[in-house]
Amino acid sequence: MKSRIVAGALALLGLAGIALAQPALAATGTEQRIDLRVLVLDDGSTGIDTLRAQLDREGVPYDTLGLAAAGRPAITPAYLADTVGGVRRAKYQGVIVPNEGSVTGAEAAALAGFEREFKIRQIDAYTFAGAGVGLTNAWSGVLDGTTMQVTAAGKANGFGYLKGAVPIDDRDPATSESYGYLGTAAAPAGATFTPLVTGARPGGGTTGSLMGVYAHDGREELVVTLAANRYQTHAMELGHGLITWLTRGVHLGYTRNSFSVHIDDVLLPDDRWDTVHNCTVGDDCNPRRDPTIQPYNTPIRMTKDDVHALVAWQKARGVKLDVVFNGGGSAEAGAGDPLTAAVVANKGQFRFINHTYEHPYLGCVQDFTVIPWKCAPNASGQTQWVSQADISAQIKNNVDWARSKGITIDASELVTGEHSGLKALPQMPADNPNLAPALNANGIKYVASDASREQTARAAGNATTVPRFPMNIYYNVATVAEEIDEYNWLYTSRANGGSGICENNPLSACIAPLGSNGFAKYIVPMETRIAYDHVVSANPAPHYAHQSNLAEDRILYPVLDGVLERYRNTFTTATPVLNPRFAETALQNKRQAAWSAASKSRSVEAYLLGGKVTVTNKGAAVDVPLTMPNGTKLVTASLLGLEVGGGAFGEAYGGERSAWRSVAKGGQQQLRVAG
């Protein structure tokens, strides 16, 4: 009878046909509210920093309590929990500690009691494999270059997005990077230890736990016995599993792994590195590109065959590269240009981005009479800037060229030549003041910036910058020999025939000169690792290379293949690497920045009660990231004690469901959690 009454009420409200979820639960006095926030007890150790970095990457809210901070609050039962509306509330859904002995006495008792009462999990960031965590130490030492394995229990408890094998970094054979304790389960009576990730002694033989769960005394601790830091590849690969285990897969936050690559200067020729004079014709030598003056080298430009190779590569890998084009290169090549014909014939295979018509420098007017160049002054001594009219013409003419060829582009996206117009030290400490008006006049919403200069998105007029990672496959090379030669010039000492730049730069290190196999043995692995680390750090920023790198020896492909191969060997097919477009990356950056601000201001409150997650927003409207177990349903309303279900929540990724949900000021979002 009640179901018929409810059905009639739904019909009156215009909600007929909407599925009903399970009955909304009234408070019984035994329920517990779990706030979706993590507590981090921070002692400044690397292990804690590694986990904080992962919380930040995913956008998981957390509070930090500095253990050595003067006047810090004591960890008491009241600090950890209270009662709200007659319901016991845990202020935290998980606790991260440096190790099992980080707090003692009354504080340790309060923490243990809290974890028992609310079934709150704890991660020990790095500790010895000893009796205090249910282990005996089978072996300890440096594990660089060995391979960890995610166990069946690990895949069922947070690490199911990984296939199984996780290599431990060995970036410098001369340096010890990752020390670990291989633990053997030795839990006392009534307790258990379950390995989630295991390792093996170098050379084989002894194996043991490096991450495992010690269940004892009504509590669960995930014990980490491998030293790691936030920059190590394996730490980033395993990081999401640690967060998922800690939160039981129910938390605010969102993670995706992305790999997009922009190919700049398509249709233009690129200047070539001179291997004899160690300079670039058209740049730092022979700036006028006079073929009668030495040094002079033929510029690099893709051919129609290179276009066909790109199409084939994209189809084979299931990934698209973004063609960042300059229509002026087609005009310069003249009618009947085979490269233009090939690009236009395959236009449906590519994603195109405006790179200006002719690729001029759009900052200050450059004075090349001095080295390095400087901004040219006008008659009154003020900096001369490229005009708004000239910038606008470069933007518009390229859009017009593309449309004349039937090429579809998003006219709100722009990559200026060399990211020019935006500030670039030392010559330009501020943007060209004519850039923002030109962007506004042409409806530009997204403009590329160089992540090696600016890692954070910012406003440029009405547009937002989108940082891009440069790749050290240089713009002025097309062959393996040229890449090795320039790499050696930049990264070897004067004594070894290099420029010595590495000797004077505290952020660089000199290497031994690379031989003829240096590209395959050193450069490709190095550049692959750098790009791969960006991917698994959940940073959506695109990378960029140049059309020259797809010509002649096509030296970019080995790096791209290395990134994709490692990713697909490590992550399951349920955790695909995404290939976002430029505007999609900008949206993700915007969401992450807004959510970070909302999380830090605590304007969004979220908790789990009676199997239902409730998110309430007290601040400005914001997109809230949520990650939930499979089977989680949206709740659109509650009526007469029954929930009105809105269907499945989120998108499938990594064996979970996750999404950004818009929550208005004063608004609410509810989810019925599976299980």
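Helices here are DSSP runs of H or I at least four residues long, numbered from the N terminus. With that settled, keep in mind that we're looking at a predicted model, and let's start with one glycine. G239 sits in helix 6. Its relative accessibility is 3%, and since buried means under 20%, G239 counts as buried. What does G239 touch, once its neighbours within four places in sequence are left aside? The contacts are Q54 and Y161. There's also a long hop along the chain to look at: L51 is 188 residues away from G239 in sequence, yet their C-alpha atoms are separated by 7.2 Å.

Both Q54 and L51 take us to helix 2, so to speak, through the contact between the two helices. Two packed helices are described by the angle between their axes and the distance between the axes. For helix 2 (residues 46-58) and helix 6 (residues 233-247), the angle is about 75° and the axes are 10 Å apart. Angles of 65 to 115 degrees count as roughly perpendicular, so that is the label for helix 2 against helix 6. If you want to trace the contact by eye, pick out T50, L51, Q54, L55, R57 and E58 on helix 2, then A235, M236, G239, H240, L242 and I243 on helix 6. Sorted by character, the residues of this contact come out as 6 nonpolar, 4 polar and 2 charged.

Stay with helix 2 for a moment. Does its length agree or disagree with what you'd expect at 1.5 Å a residue? Its 13 residues should span 18 Å, and the end C-alpha atoms are 19 Å apart, so the two agree. The buried residues of helix 2 are G47, I48, T50, L51, A53, Q54, L55, R57 and E58. Helix 6 is one of the elements covering them, and the cover also includes strand 3 (38-42), strand 4 (62-66), strand 7 (94-97), strand 8 (121-124) and strand 16 (251-252). Right after helix 2 comes G59, with a positive phi near 80°.

Now for some strands. Strand 5 (residues 81-84) and strand 6 (residues 87-90) run antiparallel and pair over 4 bridges. Within that pairing, D82 has R89 of strand 6 as its bridge partner. The two strands form a hairpin with 2 residues between them, and there G85 takes a positive phi near 60°.

Strand 10 (residues 147-150) is another good one to inspect. In a regular strand the side chains alternate between the two faces of the sheet. Which residues of strand 10 point to the buried face, and which to the other? M148 and V150 share one face and are buried, whereas T147 and Q149 point to the other and are not. Strand 10 has antiparallel partners as well: 3 bridges join strand 10 to strand 11 (residues 165-167), and 2 bridges join strand 10 to strand 13 (residues 192-200). Follow Q149 to see both pairings: its bridge partner is A165 in strand 11, and T198 in strand 13.

Further along the chain is helix 7 (304-317). Its 14 residues should span 20 Å at 1.5 Å a residue, and because its end C-alpha atoms are 20 Å apart, expectation and model agree. D306, V307, A309, L310, V311, W313 and Q314 are the buried residues of helix 7, and they pack against helix 9 (338-345) and helix 15 (557-570). Just past the end of helix 7, G318 has a positive phi of about 70°.

The loops deserve a look too. In the one between strand 19 (279-280) and helix 7 you'll find P295, which is joined to Q294 by a cis peptide bond with omega about 0°. The loop between strand 24 (409-414) and helix 11 (435-441) holds P426, and the peptide bond from L425 to P426 is cis, with omega near 5°. E418 is in the loop between strand 24 and helix 11 as well, and although E418 isn't a glycine, its phi is positive, near 60°.

One last stop is A538, in the loop between helix 14 (518-536) and strand 28 (543-546). A538 is a residue other than glycine with a positive phi, near 65°. Is A538 buried or exposed? With 10% relative accessibility, A538 counts as buried.

Note on methods. Residues numbered from 1 in each chain as written. Heavy atoms only, no water. Axes fitted to C-alpha atoms, helices over the stretch in contact; angles between N-to-C directions. Parallel < 35°, antiparallel > 145°, perpendicular 65-115°, else oblique. Contact = heavy atoms within 4.5 Å. Nonpolar A, V, L, I, M, F, W, Y, C, P; charged D, E, K, R; others polar. Pairing = 2+ DSSP bridges. Buried < 20%, exposed > 50% of the residue type's maximum accessible area, 1.4 Å probe, protein only. Expected span 1.5 Å × (residues − 1).
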